[in-house]
Amino acid sequence: SRWKPGLLLLSPPAFSTTCARCAKDRRLRQKRAISERQLTRYFVDQRKVRVVGGQGGGGGHSFHSEPRKVFGGPDGGNGGDGGHVIFKADQQMKSLSSVFPFYQGFHGERGGSKNCYGANGAHMYVKVPVGTLVKEDGKVVADLTQHGEEYIAAHGGAGGKGNRFFLSNENRAPKLFTPGEPGQERVLHLELKTTAHAGLVGFPNAGKSSLLRAISRAKPAVAAYPFTTLNPHVGIVHYQDYEQVAVADIPGLIKGAHQNRGLGMAFLKHIERCRFLLYVVDLSVPQPWVQLQDLKGELEAYEKGLSERPCVVVGNKIDLAQSRINLPLLREQVDARVIALSALTGDNLEELLLHLRELYDTYVKTEQSQGQSPVKW
């Protein structure tokens, strides 16, 4: 069609962030809740990894050539070194599920003419959770317990030598040059031990997950059947002075767990890193002090001295009538401090939070007096 004077063809309006009608909704989408069954696929605390360092670049082989300079001599540069494979602890990582079974460092570049050295290969960094053990042939070779801590899993190969390197008074025109060395190759086993300040230890259905949901923002699964929690959950308890105490919900133990019964030793190892323990006991069962004795027996059978760490006994389900009858009987049988509460109704949670802070402050002072830095979240 012909263009008519006075007729202005308007193009569709461009996207504008200033227009309220066209602006994109920037509201943060709520994080989708992951069920315990789905989390089982994501949480991995063991991984076998094959690591290979980058190969070094070969040495250069060339002779200098320019007008009016007949015998310029050798000018082949050395090759670059191969890159390392480095494990780096990152507190944002909570599982080994993102770790691949194979890693290889970047190769170094070949040496060039005019005495130009080849570039070194870049290092391959692999992020692992804080608390990762690196084992080789059953022996611990590294323990990454601090954020940002690094371990060179596989060294890169050295770069080759160019013919310039072999220049001497006896050999003024060397033709010899060496290739780059291959990188180091290893097969390592990664094992994650959850690093938390406090650990909730108890039998199935004692109310550990409900208690963690009550004192933190963690959302472990809660149901009226045993072994609801299949993976350790870490919740953060916030205080007004901005201190943060990490509390780990260890899956329920049963009698004979040190012999790999129930969930077994797969999760007993997560208790090793806890600085102090919270024994969660169901007050509504007959003779709740028997549960406490069995729990300490399992911890002591797994690792000697584990049951002697600073602890407090948490008597849960105080809202039930039978629990009020068993509470004075439990305090007569137990020497440690007993805090009775209800994770369901929230009764007496303040006493637990205050005592939890006392245990944390004692731990911090002990670490600082020994010249060590306490774990911070």
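**Exercise 1.** In which loop does lysine 94 lie? Classify its exposure too.

*Solution.* Lysine 94 sits in the loop between strand S2 (85-90) and strand S3 (102-104). Strands here are DSSP E runs of at least two residues, and helices are H or I runs of at least four, numbered from the N terminus. Next, exposure. Lysine 94 is partly exposed because its relative accessibility is 46%; buried means under 20%, exposed over 50%, partly exposed in between (1.4 Å probe, protein chains only).

The model is predicted: local features need pLDDT of at least 70, side-chain atom pairs 80 or more, while totals for chains, interfaces and linings use all residues. Numbering starts from 1 along each chain as its sequence is written, and side-chain values use heavy atoms, without hydrogens and water.

**Exercise 2.** Place glutamate 191 and find its side-chain partner.

*Solution.* Start with the strand: glutamate 191 belongs to S8 (residues 185-192). Its accessibility is 14%, so glutamate 191 counts as buried. Its side chain makes a polar contact with that of lysine 135, at 3.0 Å. Such a contact is a pair of N or O atoms within 3.5 Å; within protein, one must be able to donate a hydrogen and the other to accept it, and sequence-adjacent residues count only if both atoms are side-chain atoms.

**Exercise 3.** Trace the open six-stranded sheet and name its edges.

*Solution.* The order is S10-S11-S9-S12-S13-S14, with mixed pairing. Two strands pair if DSSP finds at least two bridges between them. The edges are S10 (233-238) and S14 (338-340), each pairing on one side only. S10 and S11 (residues 244-249) run antiparallel, joined by six bridges. Within this pair, glycine 235 faces valine 247 of S11.
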